[in-house]
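Open your viewer, set the display to cartoon, and get your selection tool ready. We will walk through the model stop by stop.

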Amino acid sequence: MAEYGIRVDIIPEVNPDCIGDAHSLMFRDETFDLVFLDPPYTDDYSASLYGTGRLNFKRYSQEAVRVLKEGGWLVVYHFVATPQIPGTVMVKRIFIETRPWHRPRVVHIHRKSEQEWRMKSQEIEQVKQRRRENRQGTKSRQLQMF
Ligand SMILES: C[S@@+](CC[C@H](N)C(=O)[O-])C[C@H]1O[C@@H](n2cnc3c(N)ncnc32)[C@H](O)[C@@H]1O
């Protein structure tokens, strides 16, 4: 991968281009057209496979958004579906089968767009509000039955 980009890792043993912490990158705002995140999948994997500390998805994904140019691509590779990332819109989620009885891998493709994110978060807020109202409606109907 380093042939085409800059590989950052917190441990020198894997021979990265830059040694650094994904929660606090050494790059300026809006530097890259594409950022690819391939983190350890769990805290146990961090400790047992790499000897690294706990990761905070919110913090390192926001840091990736910071170094991305507007309109740039953020790709997250994981074994679970990860949430929406503020400042971006999720364009595609691709589930990759591995072996029977093994977890799939999930590739999430996000595009950085502050404007689209604002619209999306308003939509999410409206859906949440409707769900709250529906729940309240159901509760008051249940109470009326008694
Ligand atoms: C699944 S591997 C990714 C391998 C990578 N795709 C490659 O080709 O080298 C996960 C990597 O995340 C690194 N890592 C763990 N915590 C980190 C952190 N806070 N900041 C940067 N890298 C971290 C680990 O050292 C490990 O090499």
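Before the first stop, one convention: two strands count as paired if DSSP finds at least two bridges between them. With that in hand, select strand 4 and strand 6, which pair in the antiparallel sense over 6 bridges. Keep in mind throughout that this is a predicted model.

**Stop 1: the whole chain**

Zoom out and colour by secondary structure. You should find 3 helices and 6 strands, and reading along the sequence gives the pattern β-β-β-α-α-β-β-β-α. Now rotate the model to see its proportions: the C-alpha trace spans about 70 × 40 × 25 Å along the principal axes. The radius of gyration is 19 Å, whereas a compact globule of 146 residues would have one near 15 Å. If you colour by burial, 11% of the 146 residues count as buried. As for contacts between residues at least 6 apart in sequence, 57% of them join residues at least 24 apart.

**Stop 2: the two domains**

Colour residues 8-112 and 114-146 separately, and you have domain 1 and domain 2. How far apart do the C-alpha centres of domain 1 and domain 2 lie? The distance is 31 Å. Look next at where they meet: 4 residues of domain 1 are in contact with 4 residues of domain 2.

**Stop 3: the open sheet**

Return to domain 1 (8-112) and show its strands. An open sheet is formed by 4 strands in the order 3-4-6-5, with mixed pairing. Which strands stand at the edges? They are strand 3 and strand 5; each has a single partner strand, so one side of each is left without a neighbour in the sheet. Turn the view to look across the strands, and you can follow a twist that averages 15 degrees from one strand to the next.

Now take the pairs one at a time. Strand 3 and strand 4 run parallel and are joined by 5 bridges. Select Val 35 and you will see Leu 74 of strand 4 standing opposite. Select Phe 36 next, and its bridge partner in strand 4 is Val 75. Then cross to the other side of strand 4, where the pairing with strand 6 is antiparallel. Here Leu 74 turns up again, this time with His 110 of strand 6 as its bridge partner. While side chains are on display, remember that in a regular strand they alternate between the two faces of the sheet.

**Stop 4: helix 2 against the sheet**

Select residues 57-67, which make up helix 2. Which residues of helix 2 are buried? Show Ser 61, Ala 64 and Val 65 as sticks, for these are the ones. Look down the axis of helix 2: the buried residues fall within an arc of 100 degrees, so they line one face of the helix. Their packing partners are strand 3 (32-37), strand 4 (68-78), strand 5 (88-96) and strand 6 (105-112).

**Stop 5: two loops with positive phi**

Most residues other than glycine have a negative phi. Two loop residues are worth selecting with that in mind. Glu 30, in the loop between strand 2 and strand 3, has a phi near 55 degrees. This residue is partly exposed, with 13 other C-beta atoms within 10 Å. Then move to the loop between strand 5 and strand 6, where Trp 101 sits. Trp 101 has a positive phi of about 70 degrees although it is not a glycine. Is Trp 101 buried or exposed? It has 5 other C-beta atoms within 10 Å, and a residue with 12 or fewer counts as exposed, so Trp 101 is exposed.

**Stop 6: two distances to draw**

Pick Asp 17 in the loop between strand 1 (8-9) and strand 2 (18-19). With 12 C-beta neighbours inside 10 Å, Asp 17 counts as exposed. Draw a line from its C-alpha to that of His 78: the two are 61 residues apart in sequence and 22 Å apart in space.

For the last selection, go to helix 3 (residues 114-144) and pick Thr 138. Thr 138 also counts as exposed, with 10 C-beta neighbours inside 10 Å. Draw a C-alpha to C-alpha line from Thr 138 to Leu 49, and you will cover 48 Å in space between residues 89 apart in sequence.

Technical notes. Residues are numbered from 1 along each chain as its sequence is written. This is a predicted model: local features need pLDDT of at least 70, side-chain atom pairs count only at pLDDT 80 or more; totals for chains, interfaces and linings use all residues. The radius of gyration is taken over C-alpha atoms; the globule rule is 2.2 Å times the number of residues to the power 0.38. A residue is buried if 20 or more other C-beta atoms lie within 10 Å of its own, exposed if 12 or fewer, and partly exposed in between; C-beta atoms are placed from the backbone. Two residues are in contact if their C-beta atoms, placed from the backbone, lie within 7 Å. The arc is that of the directions from the helix axis to the C-beta atoms. Axes are lines fitted to C-alpha atoms, for helices over the stretch in contact, and angles run from 0 to 180 degrees between N-to-C directions. Domain bounds come from an automatic or database domain assignment.
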